[in-house]
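Dear colleague,

Please find below the structure that I am handing over to you. My notes on it follow directly after.

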Amino acid sequence: MESSQAISIPRQHCVAEVHEGDAYDLMGKLPSESVDLIITSPPYWGLRTYGLNHNENILQEWLDEGGSKEQPPPYDWYRLHGGCLGMEPLPEWYISNLADFFQRGAAALKPGGSLWVNIGDTYFARWSSIRLDGRQGLGDNPRMRRKTPMGGFRQEKQLLLIPARFAIAMQENRWILRNDLIWEKRNVPPRPEKDRLRLAHEHFFHFVKRPKEGRAKYYYDMSAVEAGARDVVTVNTAPGSDGHSATFPVKLIEPRILSSCPPGGLVLDPFCGTGRALSVAVRNGRRAVGFEITAHFSESARRNITGGPVTDDGELDTVDVEQTEDALF
């Protein structure tokens, strides 16, 4: 159980810490202007629960209190009524919640820091299939069906453009969008649909803080990015880790960490899962902090950052990771 005290950040190089709890709370406890890079992949909308319990009657409860579908409730109201990030009854609620999350972290990000957010899109279906875990539409993982209200852009078979809507919401919160990096995934599995192309890419947005005046200035090492410095990269998806189905590929995030965080700087992953970004940061001479709401994933992350960074095949490599005993709790 996290206390109300501010989070102390690791001071030694090559040290990572994992805090268990809701990232919305934890980001508000970070010291002001202490983080060089926030890099993360939050839960996507309407795909899986990651084993968390979600109140399927939450929309009706909001309406009963005088709310409307068009006006999302504050995230605090949403979670106190049993809502989980990514399981919002409407995509508009999800976009609002996600933008609020990163706004909570703005004060902790240094003026010259960067925010990288990986996010995928979703097709709308009035009756959708939600996986309790595992990749959407694959495997024997248990799933549930739920009804989502139609209206406006929420139409059957509609690609919702959630990444674009999220990016615009962030711009309206005064973030500067520097890149919309397209992650091409060559190894996406076959799909049964016969009337559309396979969705084989995701977006990786690079945001920086908007200065009070003038143009944004931030740390960026162009020599550390992929050859050609293009905004489209081809990286195969990585296998899951410790029961987590959505694990960052090392080749996708390592150039982001090297280019957007100075050596010895602090990397934060507020949805750290099993700790892949933390391990990659530590391997490259950075410090790292991760937040994770699910107990078994946070425990896996702690094990992974002590055992060394993992490669994309899920095996531990041989790089030594310096740790302090009190960094793991």
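**Salt bridges and buried strand residues**

Helix α8 (residues 295-307) holds both Glu 299 and Arg 302, which are three residues apart, about one turn of the helix. Their side chains form a salt bridge with an N to O distance of 3.7 Å. Glu 299 is partly exposed, at a relative accessible area of 38%, whereas Arg 302 is buried, at 11%. Please bear in mind throughout that this is a predicted model.

The search of the whole structure gave 13 salt bridges. One of them links Asp 36 to Lys 110, with the closest N and O atoms 3.1 Å apart. Asp 36 belongs to strand β2 (residues 35-40) and Lys 110 to strand β3 (residues 109-119), so this pair ties together parts that are 74 residues apart in sequence. Asp 36 is buried, with a relative accessible area of 9%; Lys 110 is partly exposed, with 28%.

Arg 186 and Glu 184 also meet through their side chains in a salt bridge, at 2.8 Å from N to O. Here Arg 186 is exposed, its relative accessible area being 57%, and Glu 184 is partly exposed at 25%. In addition, a network of salt bridges links Asp 22, Asp 25, Asp 76 and Arg 79.

I turn next to strand β7. This strand covers residues 201-209 and contains Phe 204; His 203 is found there too. Is Phe 204 buried or exposed? Phe 204 counts as buried because its relative accessibility is 0%. Leaving aside neighbours within four places in sequence, Phe 204 is in contact with residues from several parts of the chain, including Ile 39, Thr 40, Trp 116, Val 117, Asn 179, Phe 248, Leu 252, Ile 253 and Arg 256. The C-alpha atoms of Phe 204 and Trp 183 are separated by 6.9 Å, with the two residues 21 apart along the chain.

Among these contacts of Phe 204 are Leu 252, Ile 253 and Arg 256, and each of the three is a buried residue of helix α6. That helix, residues 250-260, is mostly covered, with eight of its eleven residues buried. The buried set also includes Val 250, Pro 255, Ile 257, Ser 259 and Ser 260.

His 203 counts as buried as well, with a relative accessibility of 16%; the value lies under the 20% cut-off, and therefore the residue is classed in this way. Which side chain does His 203 join in a polar contact of 2.9 Å? The partner is the side chain of Asp 180. Outside its neighbours within four places in sequence, His 203 is in contact with Val 117, Asn 118, Ile 119, Pro 163, Asp 180, Leu 181 and Ile 182. Val 117, Asn 118, Asp 180 and Leu 181 are likewise among the residues in contact with Phe 204.

Lastly, Arg 287 lies in strand β10 (residues 287-292). Arg 287 counts as buried, with 9% relative accessibility. Its side chain reaches the backbone oxygen of Pro 10 at 2.7 Å. Arg 287 and Val 15 are 272 residues apart in sequence, yet their C-alpha atoms are 5.2 Å apart in space.

With kind regards

Terms used. Residues are numbered from 1 along each chain as its sequence is written. This is a predicted model: local features need pLDDT of at least 70, side-chain atom pairs count only at pLDDT 80 or more; totals for chains, interfaces and linings use all residues. Side-chain values use heavy atoms; hydrogens and water are left out. Helices (H or I, at least four residues) and strands (E, at least two) are DSSP runs, numbered from the N terminus. Buried means under 20% relative accessible area, exposed over 50%, partly exposed in between (1.4 Å probe, protein chains only). Contact means heavy atoms within 4.5 Å. A polar contact is a pair of N or O atoms within 3.5 Å; within protein, one must be able to donate a hydrogen and the other to accept it, and residues adjacent in sequence count only if both atoms are side-chain atoms. A salt bridge is a side-chain nitrogen of Lys or Arg within 4 Å of a carboxyl oxygen of Asp or Glu.
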